[in-house]
Amino acid sequence: MRLYKDTTYSVRTLVDEIGQGRIALPDLQRPFVWSASQVRNLFDSMYRGYPVGYLLFWETGTDSSRRGIGSAETESAAHLVIDGQQRTTALFTVFTGQEVLGKDYSRSRITISFRPSDETFEVANASTRNNPEYIADITEVFSPDFRAHSWTRAFIERLALHRSVSPNAEDRIASAIDRLRGLDNTDFKVIVLSSEADVREVSEIFVRINSAGTELNQSDFLLTLMSVYWASGRRELEEFCEATRTPRADGRESPFNWHLHPKPVLLLRAAVALAFRRARLESVYSLLSGRDVEAGPARTKRIKEQFTQLAKAQGAVLNLLHWHEFLQCLELAGFRGRKMITSENAVVFSYVMWLIGRLEFGVPIDRLRHLIGRWFFMAHTTSRYSGSFETQVERELAHIAGLERGDADGFASLLSRLVEDKLTSDWWSVTLPNDLESSAGKSPVLSAYIAALNILDAEALFSKVKVRSRLDPSVTVRRGIERHHLFPKHFLKEELKIRDQRRINQIANMTLVEWADNIAVSDAPPTEYWPQQVEANRLSAADLERQAYWHALPAGWTAMGYSDFLAHRRRLMAQVIRDAFEHLAKEDYAAAYPEPERGVAAESRSVAELIGLGLLEPGESVVNEADEVQAVVLSDGRLEFDGTEYNTPDDAARVAAGEARDGWTYWSVESPDDGAMTLAALSEGS
């Protein structure tokens, strides 16, 4: 049986059917990953008659006159866009003028300009908007109300006010505008896969015909399915995930938090695990496409039951009371913010355990908080949900299925036993010290050690200031606690001739000190700076004993050989982590952290402040990828754009964009840890 057919769609037909919902295009509600220059290139290729690739659709097999299950407001789509979502999104947004979501979830239009005199496309900017040579926004040309003759005549008349336009030039300009207008008749080749093809066949076909050989992204694929079969459910996930990133302006409760900014598919996994005890994405596909979870034939009654069950579970996952109660478990476990978390899966599937324990077994909140805090600490530190984590999750869910509903003691005993089975004596004494033999700047065992210092209410080295109070996730831009090399880099390189960065930056060679102490230590050898800092900070014998324990400093460590020091300290760090984990089990233990702030207020922040904090450097570039512009940071906190200096990011953004823009979200800078960050995100430490 042939599983596909070839056809063509004109651009106008594509745009119309996307607008009518007959073609499902979820990228309209999700971050658009193409740059504005890629959109420009697509239109330039279409204009010049270059190949623009094929599109891959999949028939849903749904009667388009029937509304989708779980959605009362939209018709079911006849086709899903499997390959070509970015191109179709680009076409739709330019032809209709509809905004798209950026990577930071801010909404903006992609505006393309066109110069008819030499048939050149540009990403719209201040220059093209103010230059009479350009059609500032080609969306205007594709409007149903566009009147070609009168509009073209008015364009030429405006241009003639600035330069002479010969009759031949008028003809060329009119011809170019007609050709631009005719782009809506451009044909796209479309391969339409039959509804008889299942998800595995669709994935295999995608791989075989895709020139790059890339695999079909299952997460994107599932959200595409949701757009067809359960549009309201997908929208709830998208809105919740977007809201986790920034607090509401009116101060009302929201999913905003400092620990996790999830993608929708993560929370969809949680809902499916809660509803059906499944973790594999294939199971999600079966549910969304109306098949039985056990791969049986589709039955209308069963479909409705499954969607009702999934909707109920998703409602529990997105419940703000559940969400914020669970996040307290992470605080309890010593994890103060997103920068400490290396596994989002560990967060999400620990949340599933919290929901099951609370909703199905009725475990009291206080007891559940300690139980899940220990579970998350174990799961995160051991990388329990990496690799083939789906099998691991389903194994755990199968254990839970053997318990009687409402048996709180049984649930708590099961999770405690699974924790103990993983964290054996050998794990603490052998595996954990070996895992600490790493130079990774972000690793689960390093996070576990920092979390342990929070749990034990440890002080920073040489200081009376608590680590937990300095690790406020909302104010990480302020100079506070820094990671310090106990054996300084310069000393290791010049005196001990150790040049391997992986040995120099070993986790066991790092500890937490206040920034002023880090500067004071500088490059001095430990035999020199240690007694100086002890005296300067007036540390008593009792202070030294506590700090040596918290910071895992072996007796006589300053005179040790470097390799011996690392080996000894790894064992002591493992013991600190173990002690903290056991402390986490105490019923009277509570996480007494300062309430996170909302970040630096917009009206008080400045580029000069970011320079003073070491987050920006004079001469560094800030950019806006959509408009393809960049500005330079000046030493006094101003920005230089296109040869002119501006006092604020807003001033520079207004000129670069050609309209009023929030410069703190307009300009971005490359961060070594987090990739591209807006100035607002940099300022808020998110």
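**Reading helices and loops in a predicted model**

Modeller: Let's start with helix H13, residues 320-332. Its 13 residues, at 1.5 Å a residue, should span 18 Å, and the C-alpha atoms at its ends are 19 Å apart, so the two agree. Keep in mind that this is a predicted model.

Biologist: Which residues of H13 are buried?

Modeller: The general idea comes first: an α-helix has 3.6 residues a turn, so residues three or four places apart point the same way. In H13, the buried residues are His322, Trp323, Glu325, Phe326, Leu327, Cys329, Leu330, Glu331 and Leu332.

Biologist: And what caps the N-terminal end of H13?

Modeller: For a cap, look for a side-chain atom by a backbone nitrogen. Here Asn319 does the job, with a side-chain oxygen 2.9 Å from the backbone nitrogen of Leu321. After H13 comes Gly334, and its phi is positive, near 90 degrees.

Biologist: Which residues that are not glycine have a positive phi?

Modeller: Glu119 is one of them, with a phi of about 55 degrees. Phe462 is another, with a phi of about 70 degrees.

Biologist: Where do Glu119 and Phe462 lie?

Modeller: Glu119 is in the loop between strand E7 (112-115) and strand E8 (120-123). Phe462 is in the loop between helix H19 (444-455) and helix H20 (467-470).

Biologist: How do I decide whether a loop residue is buried or partly exposed?

Modeller: Check its relative accessible area: under 20% is buried, over 50% is exposed, and partly exposed is in between. Phe462 has 2%, so it's buried. Glu119 has 26%, so it counts as partly exposed. Ser254 has 10%, so that one counts as buried.

Biologist: Where is Ser254, and what does it touch?

Modeller: You'll find Ser254 in the loop between helix H9 (231-243) and helix H10 (264-276). Leaving aside residues up to four places away in sequence, Ser254 touches Ala243, Thr246, Arg248, Leu320 and His324.

Biologist: How do I read the way H9 and H10 cross?

Modeller: Take the axes, then the angle between them. The H9 and H10 axes come within 9 Å and cross at roughly 120 degrees. Angles of 65 to 115 degrees count as roughly perpendicular and those over 145 as roughly antiparallel, so H9 and H10 are oblique to each other. The crossing of H9 past H10 is right-handed. On the H9 side, Leu237, Glu238, Phe240 and Cys241 make the contact, and on the H10 side, Pro264, Leu267 and Leu268.

Terms used: Residues numbered from 1 in each chain as written. Predicted model: local features only at pLDDT ≥ 70, side-chain atom pairs only at ≥ 80, totals over all residues. Heavy atoms only, no water. Helix = DSSP H or I, 4+ residues; strand = E, 2+ residues; numbered from the N terminus. Expected span 1.5 Å × (residues − 1). Buried < 20%, exposed > 50% of the residue type's maximum accessible area, 1.4 Å probe, protein only. Polar contact = N/O pair within 3.5 Å; in protein donor to acceptor, adjacent residues only side chain to side chain. Contact = heavy atoms within 4.5 Å. Axes fitted to C-alpha atoms, helices over the stretch in contact; angles between N-to-C directions. Parallel < 35°, antiparallel > 145°, perpendicular 65-115°, else oblique. Left-handed = near helix turned anticlockwise from the far one by under 90°.
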